Amino acid sequence: MKRKSMLWLFAMILVLSAFLAACGGGGSDDASDSDSGDSKDGEKATEEQSGEPQQGGTLTYGLDATPEGLYNWAFYGIATDAEIIEFFDEGLIEYDENLQPIPNLAEWETEDNQHFTFKFKEGVKWHNGEELTVNDWVFALETIAHPDYDGPRYANVETIEGAPAFRAGEADSISGLKVVDDYTIEVTFDEPRLNNLTNIWSYPMSQKEFEGIEVADMSGSEQVRTKPVGLGPFKVENVVPGESLELVKNEDYWNGEVNLDKIIIRVIDNTATVGALQNGDIDMISLQPVSAPDVEKLDNVEVVTAPGLSYYYVGFKLGKFDNDKKEIVEELPKYQDLNLRKAMAHAINREEWIDAFFFGYGKPVNKPVPTAHWIAADDSEVNVYEYDPEKAKQLLDEAGFVDTNDDGFREDPNGDEFVVKFSHYATGNPTFESRSQAIAQYWEEVGLKSEVEMVEVNLYYDMVEKDDPSIETFFGGWGTGTDPDPSALWKADQLWNYPRYNNPDADALLEQALSVEEVGDDQEKRAQVYAEWQKTVTEDVPMIFIAELDEIMGVGENVGGFSMDVSGYNNPAEWYLEK
Amino acid sequence: MTTKELAEKGKPGQERENLLEVKNLKTYYPIHGGFFKRVVGNVKAVDDISFTIKKGETMGLVGESGCGKSTTGRTILRLIKPTGGQIIFDGEDITKISGTRLRKARQDFQMVFQDPYASLNPMQMVGDIISEPIKNFERRDKKELEEFVKSLLVRVGLPETAYYKYAHEFSGGQRQRIGIARALALNPKLIIADEPVSALDVSVQSQVLNLLKDLQEEFDLTYLFIAHDLSVVKHMSDTIGVMYLGNLVEVASNKDLYSEPLHPYTQALISAIPEPDPKLRKERIVLQGDVPSPANPPTGCPFHTRCPMAQEICSQEKPPLKEVRPGHHVACVLY
Amino acid sequence: MTTNAATGAVKRTEKSASPWAIARRKFLRNKLAMASTVFLILVIILTLMAPFLAPHLSPIPDITKVNISKMSIPPNGDHLLGTDKSGRDVMTRLLYGGRISLLVGASATAIVVVLGTIVGSVAGFFGGAVDSLLMRFTDFVLNFPFLVFVIVLNTILFGIVDGLWVLILVIGLLSWGGVARIVRSKVLAEKENEYVLAAISIGTPPAKVIIKHLLPNVLSTIIVQSTLLFASLIVAETGLSYLGFGVPQETPSWGNMLAFANEPDVLQGKPWIWMPPALIITATILSINFIGEGLKDALNPKSQR
Amino acid sequence: MLKYTLRRVLGMIPMLFLVSVVVFFLAKAMPGDSLSGEIDPTNTNPEYQEEMREKLGYNDPVYMQYYRWVTDFMSGDFGKSTRYKMPVADLIGEKLPNTIFLALTSLLITYVLAFAMGMYSGRKPYTLGDNLIAGFNYAGIAIPSFVAGVFAVYFFAFKLNWFPFAGSVDIEIDKGTIDYWISRIHHVMLPAFVLGMFSTASYTQFLRNDLIENSRKDFVRTALAKGTPMGKIYNVHILRNSIIPLVTFLGFDIAALVGGAIITEKIFTYPGIGLLFLDSVNNRDYPTVMAITMMLSAMVLIGNLIADILYGIVDPRIRLG
């Protein structure tokens, strides 16, 4: 069983909240702990350590950020909470190592990508003893579509036929949901889409458990916060808010025997990670790259990695967006010169930078999709901007950026002073400043005067989103989910297209990739369209793609049965402790 | 201006006009109390007194401590806001003036304080202390000013070098001389001396008193001389007022008061003056009881609680100050 | 002091010792305070000379440049205190950082002392309604939980004003309450002395009375207070920077350097990055406290030393 | 005394009112929109945003918004945390016991240590022990709490492994058992000591000087002359005189603990109000920030009040003031 089926939208929120968690937890943190997925990698999993799984034992799992305490898929906001829910609840659909949906609690059928029939497994029990039925799913969907719902998931329900009417209060139920029997349901979407299945909300909520609780009160209820129930291999026994959780084995787990008796989840400060692993205070923790080298030195802990689904970039503000009209209304002149952008891309030594700041737990990325994703184009299909300062200088010369007043820096083609302003978000983490400074230094080395501005993280994203004039080039990170559609980040009519990239050809390709008529179920063809789109984007350089990072886990030698790939780690039911 | 010029200004010997008129002066201090700190009563420190001082004369003001004599002095100088009444100085009503006008007016009346230790700023050089009043009102050449201040120092009996020293290097008597020099610096018309010698050793007292007397003649000064016993004012004053509990109980010329004190309180005070000749014995009147609190004064005559001659009416009616002989005023039912 | 000065005054002809001179003599005799003063002055001089010293102390004197090839080097011959995670020389940054920390401490102290003295002396001198109003306001400022408001204000003003000055202003504007109270009570006590009355009676205007008469006499209290304040405001800067609400990160300060202790690999594995700032902060605070104690002793006329 | 106390309590009302005004406008002035947390962040539709603004009353005049906030606040409704999606009152209720426990332990440690060391130093001034204690005091006063905290974590938690480095309790132990409380005490010791270090040092110093001063007073000589043993004189006569002023510091402690808790809780990842506050500031959780700010201001006021009242009991003269 593989982790998660998050979508583009979540993924982005998660990346953002990961920044926030970083300052809350007070540490060095990046999108690296975004849970949006991981990928297959050559790294060893712990399975090979021994043969037979052993029964019993208590495993301590560390968290280096404080959970908000919203332990329900429909209400959680940050990655840390999701990491916890993962242990005790699961969804209808899972994803395999190629990020293709596979049945978990339910199977599905569809002819036209608009009408779906889901068949649930029988005899699956909630932790409270109730049996899982399709009504629990309908309940979850109606909760999310409810006008009082205060979580961020409505986009995953919106496409079901009748959901907007239900939300507006015009209907008592969602017309697109037709319950056939306790285990069968037909779902109709408002239109056929290739990603309807991956987009729909696939986590049921125990209707019985939430009986009598108004939707508006749910997020604050103990059913969400301290006594959540799920369908997963472990049950929540005890919660000390903001500090720790105690999970015990679910004897009635539907999908095989659970090996461990207990999992303790402990929040620790990230400065304590290495010490805690060394002393055996925790058996497992998701590591930040900065801690990984120290953990590798430990004898009793192994570092397991898998490619992640998030990447860092340096964006150029190319235009201004009008959120009311949903269109890019103005072109900003400063970075319009394609050769300038290309030169700035060639100037950056990404390998060196990743080694210095991520200790090698990552690699340069050359396209707007992480390599581990199935739609990712091969590097030979896109324009790659290798570190090549000479080329950068040559491109700048060609573009007319030359040093006319002998101050050591290039002036713009009009002979005016040219300063690249580079913005980066600031949290309590002092390395953010040095890593952005390092990028600016690469530009200075090819003769572009550069200055760094650190902006408080909340303000930063506000300014980037609102096209604040003080943002010229900016650092950012996106996490991608399993749904391959990158439209929300790239189309000219999208708010989150931060560079204000405006190429009708690229937009047309994105639309084509989703079109049922042209592409249909042919994944091969779809990947080709996306590859073409990726080539177009890399030719236009609206952003310099910097790095994709690994997911890293520190796992004690005594933990067995653990493995990890791009879709996440395996079912915790399979984990065990060696005695 | 030199000391000489200053001296020539006064013209003694003529019929003197009033320099200071005090009419029905009242100074109350509010008492705060109760839950919201409202004003619940008043300490009547000065309760309706009137007197006049003629130019070039000295008026002595006598009373036990706490009787309001210092408050009277400070109120006249407008260091304390009067509650009622009028102060007319040199023909001008200064009761209500304030701000710059008051500051300007202060050139003409100065004060010599009781405590020579507290009245000189320990952080200032003596020269600065004495030149400060002048600097407050006029711009003068530095050199000239220094010369003038030094001449003042010499005049009050201090060496010129005192100019560069700090107050803590001087004795009480010397400090009081500094205080006097400061008061003189502006060539005032009136000096209020608030028990100027009571903090000094007896041996030094007369020196300072003599200095004050000499200066009066030299600069044609008018004094209001405040003291707590009659022996000191005897040598200084032309007229004497006796205060008790914020009231003026008797006002008379020096001669009249000592030869024929009328008010029982005055009589008691005079009886307490030590006689230089031990052979002379006189009956000493010892007053019973303590001074009542000015916050809660007795009804009627304020002195009746301690008066050896108190009658029934004394506790009911407050006797007004009336002129019983020419120039001799007394507030007592006996007259 | 007051015995028979008639003769004493005549004998001494040169300018005599002012109360300040006496205090100075006492202070110079206090060994601990003197040693602390020497140390503090040394720290100040070294930080001020940072641009001249840096090239001699380190092969990479630039404090802003990131040196990827020289990150996290333990102390050695080239780098006496090692380098930090950006490959910047710790010693050099310590010197430059001291400038900022001391600057923030000194400027904020200046603001606090000026504000506190004005408010306290005006309230104490005039009394009455002015006093009530000012003191209620002082209470109000004093009752802000300092750290809470600094954090909130700093967040609001971020990006509007240059970060360093935001911090100085915010710390300054929130810290004058204590000084105002102390100055007021001293002024109230000092006002009882007749020399103040004397000053009024010789026509000295109120402002001049406060400045020339009252303040010099409460100055000793203010000086001692501002010393201790200087120490606690340096602590405030470094503490806030440590929490990430202080001096902007791109500016080196002792607090910002110490903030590296928040890094997972630094606290345990790279103590040379965080220990120097921690130690220099402590030593500086300690020496300022000793100086304060010494001044208190020296300026107290009753103390016999 | 009662009247004085009552008047002081009433005097707090305008102060709290002023603080509330300031807090409210500060929150209004905070970057970003104080409402953004209550609005679905994924829904960027301007109509929706406008609708929510209207619904949440952000289009009303400022004084109306203030009035609504204050009246809600007084009725115990501190709003809903935009980050934790739960009533702020509950959120604070969850963390407050931890902070109170930390503060009380810190007070206890402070007073016990200050008494022990102060008594020793005061009785045997200028000995080696006294000098050592003096050294500790100077360190305690000079070392900023965050520096001390970082050192404490480094040595006692990591190098020596004597204390846990984070958290307030071991989750596996059942609530209510003795072990549970032992675990809590074990977790709170280190932060409590760091939090109380400054006060410990200043009180020790104070007690020492007071003891020395008092031991030179006449009543001690009288007692000695009567043949009372020195030990008894210290315990009965001198200490009683010296304790009283020390007790009055209690009120100021409350105010000091308020600020100190923020840094200490952060360094030790101790889940109390201080950590919640930092978290809320970082996450723009305005309702929580406002409520905590108000609460901490009120605590400072109450602390000062207690200090004044204690002072009034000890020294009746100041009651008039």
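This report covers the overall form of chain A, the setting of A:Glu411 and a surface patch on chain B.

## Basis

This is a predicted model: local features need pLDDT of at least 70, side-chain atom pairs count only at pLDDT 80 or more, and totals for chains, interfaces and linings use all residues. Residues are numbered from 1 along each chain as its sequence is written, chains are lettered from A and ligands numbered from 1 in the order in which they are written, and side-chain values use heavy atoms, without hydrogens and water.

## Chain A overall

Chain A has 579 residues and a radius of gyration of 24 Å, which agrees with the value near 25 Å for a compact globule. The radius is taken over C-alpha atoms; the globule rule is 2.2 Å times the number of residues to the power 0.38. The C-alpha trace spans about 80 × 60 × 40 Å along its principal axes.

Of the residues of chain A, 66% count as buried (under 20% relative accessible area, 1.4 Å probe, protein chains only).

## A:Glu411

A:Glu411 is buried, at 2% relative accessible area. Beyond its neighbours within four places in sequence, its contacts include A:Phe401, A:Thr404 and A:Phe418 (heavy atoms within 4.5 Å). A polar atom of the A:Glu411 side chain lies 2.8 Å from the backbone nitrogen of A:Thr404.

A:Tyr95 is 316 residues from A:Glu411 in sequence and 52 Å away in space, C-alpha to C-alpha.

## Chain B surface

B:Met309, B:Ile313, B:Val324, B:Val333, B:Leu334 and B:Tyr335 form a nonpolar surface patch, with about 420 Å² of accessible area together. B:Val333 is partly exposed, at 32% relative accessible area.

Key: Patches are made of residues with over 30% relative accessible area and no salt bridge: like charges are joined within 9 Å, nonpolar side chains (Val, Leu, Ile, Met, Phe, Trp, Tyr) within 5 Å. Accessible areas come from the Shrake-Rupley method with a 1.4 Å probe; for residues, only the protein chains shown count as cover. A salt bridge is a side-chain nitrogen of Lys or Arg within 4 Å of a carboxyl oxygen of Asp or Glu. Buried means under 20% relative accessible area, exposed over 50%, partly exposed in between (1.4 Å probe, protein chains only). Helices (H or I, at least four residues) and strands (E, at least two) are DSSP runs, numbered from the N terminus. A polar contact is a pair of N or O atoms within 3.5 Å; within protein, one must be able to donate a hydrogen and the other to accept it, and residues adjacent in sequence count only if both atoms are side-chain atoms.
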